[in-house]
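User: I have a structure open and would like to go through it with you. Could you show it and then guide me through some of its features?

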Amino acid sequence: MTTILTQGALQVINFVGVLETPCKTRIEILPKTSTDTCDPVSARKILLKMLASVETLKLEEFQQSQLQLLKQPLYELLITHFLKAVSTLVRQGIRNEYQRIERESPYLKGQLQVAKQLRQRPGKQHHFHVAYDIYNANRAENRLLHSALKQVLHWSKSSENQRLARELLFVFNDINLSTNYALDFRQWKDDRALAHYRPLKPWCELILSYQSPVAMVGNHGGLSFLFPMEQLFERYVAKQIKRQLPTHLKLREQVSSHCLTHHNGNDWFRLKPDIVVYDKSNVVTVMDTKWKLLDSSLNTTKHKYNLSQSDLYQLFAYGEKYLKGHGDLYLIYPKHIGFIEPLANFEFKPGLRLNVVPYDLETDEYYLSLT
């Protein structure tokens, strides 16, 4: 994360979400899709839509455009959706499993562990080393849910969220908290009996910050949900384009089948475009997404629409290696008031063209020619 502190102001670059300072001040960082003042309700709606699609957090309610809902702080919205998802799981049933218990007991129960019993200390021969199975809900998935519920109760300032969190914690009261997130996540099962648990796993990863690129908790224990906007925009655009592709075309992300050069028999400098579209084994086009605001009015040789020269070098290399020097490439930027229509084509050489196009995050409209 890049931050800039100037004249008492904190600027977070290319991240969106919620940041809590050590003094418990919560700052909401929304995607900026305009050079002018951005409507927070509209920006929050766009962010939730992207998260619902990319991070599979199942945020359905925002699609109803409930103004009262969208006026809530972003972190309270995330907590609300998590709590409702847990409520749905509880109604469908918390799953139990058999667990092996080995203990020293004053009475014989289950299977006697003969080897341990023979090593029993003098004076304790009246105790038995036994092993038996119990059927309860103290399993990895439920421990993680219990821990996540306790965490969001600590974070939330909404009386409604706090009430629902306490009700759910009562349901999980007999289940232990997770003492090892990494181990419990590895033990999270994905069989048919736990199908209704699947939507909860990304929530727990987000809340408990287990190897999640989109969530971080500071050393002071405050709330921080930070999403890298470049990755979010890239994955969201790829997902939306993939949905609307003709059936004979296939989309792949982060392809690395070509390199820039060969040296001493080795491939050097892998070329990894964001999106490659194939027709069977043939490359149709290559696309890259950039979270940056272009300005179509800056059409001078000095300003160059705010385009980066390194980005064009990058696309040229993609065109040479993936398209064999012939075809159309795309650079996709967010649409805003200063960038509404595609720019005139950039011609790298005869037959190899670059199209710089906007993507409308509100309507999901884009300017691509794929047949």
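Analyst: Please keep in mind that this is a predicted model. We may begin at serine 209, which follows helix 8 and has a positive phi, near 60 degrees.

User: OK, and helix 8 itself, is it mostly covered or open?

Analyst: Helix 8, which spans residues 200-208, is mostly covered, with 7 of its 9 residues buried.

User: Which ones are the buried residues of helix 8?

Analyst: They are Leu200, Pro202, Trp203, Cys204, Leu206, Ile207 and Leu208. Leu200 is also one of the residues with the most contacts inside the largest nonpolar core.

User: How many residues does that largest core have, and which others have the most contacts?

Analyst: The largest nonpolar core has 63 residues. Besides Leu200, those with the most contacts inside it are Phe82, Leu83, Leu145, Ile241, Met287 and Ile332. Helix 3 (residues 74-92) gives the most to this core, namely 10 residues.

User: Is there a second core somewhere, and what does it include?

Analyst: A separate core of 22 residues is present, and Leu271, Val286, Ala317 and Tyr333 are among its members.

User: Back to Met287. What is it in contact with?

Analyst: If its neighbours within four places in sequence are left aside, methionine 287 is in contact with Ile241, Pro273, Asp274, Ile275, Val277, Tyr330, Ile332, Leu368 and Leu370.

User: New topic: how many aromatic pairs are there?

Analyst: The structure holds 11 aromatic pairs. One of them joins phenylalanine 185 and tryptophan 188, which are stacked at 6.3 Å centre to centre with 10 degrees between the planes. Another joins tyrosine 333 and phenylalanine 339 in an edge-to-face arrangement, with 6.4 Å centre to centre and 80 degrees between the planes.

User: Are those last two, tyrosine 333 and phenylalanine 339, buried or exposed?

Analyst: Both tyrosine 333 and phenylalanine 339 are buried.

User: And why does phenylalanine 185 count as it does, buried or exposed?

Analyst: Phenylalanine 185 counts as buried because its relative accessibility is 4%, and the cut-off for buried is under 20%. Tryptophan 188 is buried as well, with a relative accessible area of 8%. Phe185 and Trp188 also form one aromatic cluster with Tyr197.

User: What about the surface? Which residues form a nonpolar patch there?

Analyst: Leu108, Leu112, Val114 and Leu118 form such a patch, with about 410 Å² of accessible area together.

User: Where does leucine 118 lie, and why does it count as buried or exposed?

Analyst: Leucine 118 lies in helix 4, which covers residues 114-118. Leucine 118 counts as exposed because its relative accessibility is 71%, and exposed means over 50%.

Notes: Residues are numbered from 1 along each chain as its sequence is written. This is a predicted model: local features need pLDDT of at least 70, side-chain atom pairs count only at pLDDT 80 or more; totals for chains, interfaces and linings use all residues. Side-chain values use heavy atoms; hydrogens and water are left out. Patches are made of residues with over 30% relative accessible area and no salt bridge: like charges are joined within 9 Å, nonpolar side chains (Val, Leu, Ile, Met, Phe, Trp, Tyr) within 5 Å. Accessible areas come from the Shrake-Rupley method with a 1.4 Å probe; for residues, only the protein chains shown count as cover. A salt bridge is a side-chain nitrogen of Lys or Arg within 4 Å of a carboxyl oxygen of Asp or Glu. Helices (H or I, at least four residues) and strands (E, at least two) are DSSP runs, numbered from the N terminus. Buried means under 20% relative accessible area, exposed over 50%, partly exposed in between (1.4 Å probe, protein chains only). A nonpolar core is a set of buried Ala, Val, Leu, Ile, Met, Phe, Trp, Tyr and Cys residues joined through side-chain atoms within 4.5 Å. Contact means heavy atoms within 4.5 Å. Rings of Phe, Tyr and Trp (its six-membered ring) pair if their centres lie within 6.5 Å; planes under 30 degrees apart count as stacked, over 60 as edge-to-face and the rest as tilted.
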